[in-house]
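This report describes one protein model, from its overall layout down to single residues. The sequence and structure come before the text.

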Amino acid sequence: MIPTTPVLTEDITETTYASRTYRVTFGTTERVSGYTDGLEAVKQAIYFILSTERYQYIIYSWDYGVELLDLFGKPMPYVMSEVPRRIKEALTQDDRIEDVVDFTFEKNHSKLHTTFTVVTTYGDISTELEVAV
């Protein structure tokens, strides 16, 4: 006799959380002042993700941050091919970010300055990043 078991019929839903977070004000001193939401919260998240080296801090999960440290000392063509992939991989971990497009590069001695557009659910954000090579 073959045993019969009930089939799971409940729908599984994925929970998405509100983007409301503490507002960090940058300037001569960094301060936490009130709250922010929407596009401004995503801009702040982009800044923090790109400022955090992945795998360096045990407080963050392995999905958080960007891997740029190992590019130091590598040939510029290799770095220019890797930076877009790594930035896109880091930023699209956030469910509010849909895509990262339009990368442009400027070589400046031992630094690579890149400008790109982040496509979010709230609108597009132009941002930039400088990588020491």
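How many helices and strands are there in the protein? The predicted model contains 2 helices and 5 strands.

## Layout along the chain

Read along the sequence, these elements follow the order β-β-α-α-β-β-β. Helix α1 covers residues 39-50 and helix α2 covers residues 76-91. Strand β2 takes up residues 31-36. Strands β3, β4 and β5 run over 97-108, 111-120 and 123-132.

Among contacts between residues at least 6 apart in sequence, 32% join residues at least 24 apart.

## Overall dimensions and surface

The C-alpha trace of the protein spans about 75 × 40 × 30 Å along its principal axes. The radius of gyration is 19 Å, whereas a compact globule of 133 residues would have a value near 14 Å.

Of the 133 residues in the protein, 33% are buried. The protein exposes about 9600 Å², and carbon and sulfur atoms supply 53% of that area. The protein carries 12 positive and 21 negative charges, and the mean positions of these two sets are 7 Å apart.

## The largest nonpolar core

The largest nonpolar core has 22 residues. Those with the most contacts inside this core are I46, L50, I87, L91 and F116. Five elements, α1, α2, β3, β4 and β5, each supply at least two residues of this core. The largest share, 6 residues, comes from α2.

What does F116 touch, leaving out residues up to four places away in sequence? The list includes L50, I87 and L91, which are themselves among the residues with the most contacts inside the core. F116 also touches V100, V101, D102 and F103, and further along the chain I125, S126, T127, E128 and L129. The residues V100 to F103 fall within the range of β3, and I125 to L129 within that of β5.

## T36 and A41

T36 lies in strand β2, and A41 lies in helix α1. Are these two residues buried or exposed? T36 has 5% relative accessibility and therefore counts as buried. A41 is also buried, because its relative accessibility is 2%.

Not counting residues up to four places away in sequence, T36 touches S19, R20, T21, Y22, R23, A41 and Q44. Y22 is 14 residues from T36 along the chain, and the C-alpha atoms of the two are separated by 6.0 Å. With the same exclusion of sequence neighbours, A41 touches S19, T21, T36 and R96. S19 and T21 thus appear in the contact lists of both T36 and A41. I12 is placed otherwise: A41 and I12 are 29 residues apart in sequence and 28 Å apart in space, C-alpha to C-alpha.

## E82 and K88 in helix α2

E82 lies in helix α2, and K88 is found in helix α2 as well. E82 counts as buried because its relative accessibility is 13%, under the 20% limit. K88 has a relative accessible area of 36% and so is partly exposed.

E82 and E67 are 15 residues apart in sequence, with a C-alpha to C-alpha separation of 9.9 Å. K88 and V100 are 12 residues apart along the chain, and their C-alpha atoms are separated by 5.5 Å. Leaving aside neighbours within four places in sequence, K88 is in contact with D99 and V100. V100 is also one of the residues that F116 touches.

## Positive phi in two loops

Which residues have a positive phi although they are not glycines? Y55, with a phi of about 70 degrees, is one of them, and H109, with a phi of about 55 degrees, is another.

Y55 lies in the loop between α1 and α2, while H109 lies in the loop between β3 and β4. Y55 is partly exposed, because its relative accessible area is 45%. H109 is exposed, because its relative accessible area is 79%, over the 50% limit.

Definitions and conventions. Residues are numbered from 1 along each chain as its sequence is written. This is a predicted model: local features need pLDDT of at least 70, side-chain atom pairs count only at pLDDT 80 or more; totals for chains, interfaces and linings use all residues. Side-chain values use heavy atoms; hydrogens and water are left out. A nonpolar core is a set of buried Ala, Val, Leu, Ile, Met, Phe, Trp, Tyr and Cys residues joined through side-chain atoms within 4.5 Å. Buried means under 20% relative accessible area, exposed over 50%, partly exposed in between (1.4 Å probe, protein chains only). Helices (H or I, at least four residues) and strands (E, at least two) are DSSP runs, numbered from the N terminus. Contact means heavy atoms within 4.5 Å. The radius of gyration is taken over C-alpha atoms; the globule rule is 2.2 Å times the number of residues to the power 0.38. Accessible areas come from the Shrake-Rupley method with a 1.4 Å probe; for residues, only the protein chains shown count as cover. Lys and Arg count as positive and Asp and Glu as negative; His and the chain ends are not counted. The place of a charge is taken as NZ of Lys, CZ of Arg, CG of Asp or CD of Glu.
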